[in-house]
Amino acid sequence: MARKEGRSRSVGTVIALTALMPAVALMPTTPSFAAEIPCSSTLSPSEIKSVGTSCQLASDTVVRVAEGLEVAVPEPGMVAIVQVLRTPGSTGPSAASVYRATDGQLALQIDETPALGSTATAGALKRILAKRAEPATKHPEPAGAAKTQSSGLAAVPAYCGSSYEYNFSGGVWQQSVFPWTYNSRSQPASDALQAIKYGFQFITDTSSACGTYYTFAFADYRGSTTRYTWGTRDNGNVVGWAGFDPDILGATYSWVDGSGLRVEVDIAFNNRVTNWFTGLSGTVPAGRFDLISVATHEAGHGFGLAHYTGSSYPVMFPTLGTGVNKRVKRSGDLTGMGTLY
Ligand SMILES: [Zn+2]
């Protein structure tokens, strides 16, 4: 069924919908939107293909990719990305990207699988996610800055993996700065913010025990907030706590505009996980999930790193178990952050 450009909707769709909701759908308000009815508040992946021609998207329409993995349909021209860190053995996708074209058509990508949606929207989604830092947003390198991993002075720990173990999820922050605020609502312990700050610092550090790769990435803490609109864009970058399935530790929601700039990132840790370890000790107690390690991982998403599944060395590996300290940026994480910023 062909669809006209602009604001008009296809006749075939109107007929199909009016058969279901004749009175409401045909109210003669304005000619162009007269036939539209709101989409249901939650869309499944199978509904994505027809969305945009069959119903009027609301600003809070949510795509439920899997149980506990949802992302709101973004504004036209924008990509919304959700990435989750799962516990080992957890099944289901760990990332999804939704693109909304200016004509309302949607495209959906789940993990690395080909996007659903039309060829045009899937192609546009791929192009936006592939955009990289431009010279305008990339700082010049300081003289003498080490751009390769240090060697010789100290042995590289066995757990570092290779420098090639990284992926990008799309978009970079202008001026390399991710400004964020914190909502302490339902936090598990009063020292949670301190742990999160350490994690954010670890992902932006130029050096780790696995080497050195210069980066200008900077997570700028701007104080506390009471906002918590997880999965929906509200023009504020909020880090805090939300309730997910127990096999999800944290989720990062990113919005990337058509030029490849990150315009908002929200990070939510799971308040239904009852065995967080929020302390600073490098020895994570058995049976506890290390908040600093999870924060390091989620901040990687916040800056534009995607999951890496080729080996389990990188911080950006999509699962994390209990009793594990994974705060040290591995070789691939160092290269990824240094390349982006
Ligand atoms: Zn992740």
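This is a short walk through the structure, from the whole chain to its sheet, helices and core.

The model is a predicted one. The protein has 341 residues, and 43% of them count as buried. Its secondary structure comprises 7 helices and 16 strands. Many contacts bridge distant parts of the sequence. Among contacts with a separation of 6 or more, 66% are between residues 24 or more positions apart.

Start with the sheet. Nine strands form an open sheet with mixed pairing. Their order is β7-β6-β5-β4-β13-β14-β12-β8-β11. β7 and β11 (218-224) stand at the edges. Each has a single partner strand, so one side of each has no neighbour in the sheet. Helix α5, residues 192-204, packs on this sheet. The helix touches β8 (177-182), β11 and β12 (238-242). The direction of α5 makes about 160 degrees with that of β11.

Now take the β7 end. Strand β6 spans residues 106-110, and 5 of its 5 residues are buried. In a regular strand the side chains alternate between the two faces of the sheet. Which residues of β6 lie on each side? Leu106, Leu108 and Ile110 are on one side, and Ala107 and Gln109 are on the other. Both faces are covered.

β6 has a partner in strand β5, residues 95-100. The two are antiparallel and share 5 bridges. Val98 in β5 has Leu108 as its bridge partner in β6. Between these strands the hairpin has 5 residues. There, Gly104 takes a positive phi near 95 degrees.

β6 also pairs with strand β7, residues 116-117. This pair is antiparallel too, with 2 bridges. Leu108 is bridged to Leu116 in β7. Ala107 stands opposite Gly117. Leu108 therefore has bridge partners in both directions: Val98 and Leu116.Move to the β11 end. Which residues of β8 form its covered face, and which its uncovered one? Phe178, Trp180 and Tyr182 make up the covered face. Val177, Pro179 and Thr181 make up the uncovered one. β8 and β11 run parallel and pair over 5 bridges. Phe178 has Ala219 of β11 as its bridge partner. β8 is also joined to β12, again in parallel, by 2 bridges. Here Tyr182 stands opposite Val239.

Follow α5 to its end. The loop between α5 and β9 (207-208) holds Asp205. Is Asp205 buried or partly exposed? Asp205 has 17 C-beta neighbours inside 10 Å, so it counts as partly exposed. Asp205 is 124 residues from Lys329 in sequence. In space, their C-alpha atoms are 8.4 Å apart.

Helix α7 covers residues 331-340. How many of its residues are buried? The count is 9 of 10. Among them are Ser331, Asp333, Leu334, Met337 and Leu340. Three glycines, Gly332, Gly336 and Gly338, are buried as well. The cover over these residues includes α5, β9, β10 (211-212) and α6 (291-303).

Helix α6 has 13 residues, and 13 of them are buried. From first C-alpha to last, α6 reaches 18 Å. That is close to the 18 Å expected at 1.5 Å a residue. Just after the helix comes Gly304, with a positive phi of about 120 degrees.

Finally, look at the interior. The largest nonpolar core has 86 residues. Those touching the most other members are Val79, Ala80, Val82, Ala96, Val98, Leu291 and Phe303. Where does this core lie? Domain 1 (40-130) and domain 2 (174-340) both give residues to the core, so it lies between them.

Val79 shows what such a position touches. Leaving out residues up to four places away in sequence, its contacts include Pro74, Ser97, Val98 and Tyr99. Leu125, Ile128 and Leu129 are also touched by Val79, as are Gly170 and Val256. Val98 links back to the sheet, with Leu108 of β6 as its bridge partner.

Terms used
Residues numbered from 1 in each chain as written. Predicted model: local features only at pLDDT ≥ 70, side-chain atom pairs only at ≥ 80, totals over all residues. Buried ≥ 20, exposed ≤ 12 C-beta atoms within 10 Å, placed from the backbone. Helix = DSSP H or I, 4+ residues; strand = E, 2+ residues; numbered from the N terminus. Pairing = 2+ DSSP bridges. Contact = placed C-beta atoms within 7 Å. Axes fitted to C-alpha atoms, helices over the stretch in contact; angles between N-to-C directions. Expected span 1.5 Å × (residues − 1). Core = buried A, V, L, I, M, F, W, Y, C linked by C-beta atoms within 7 Å. Domains from an automatic or database assignment.
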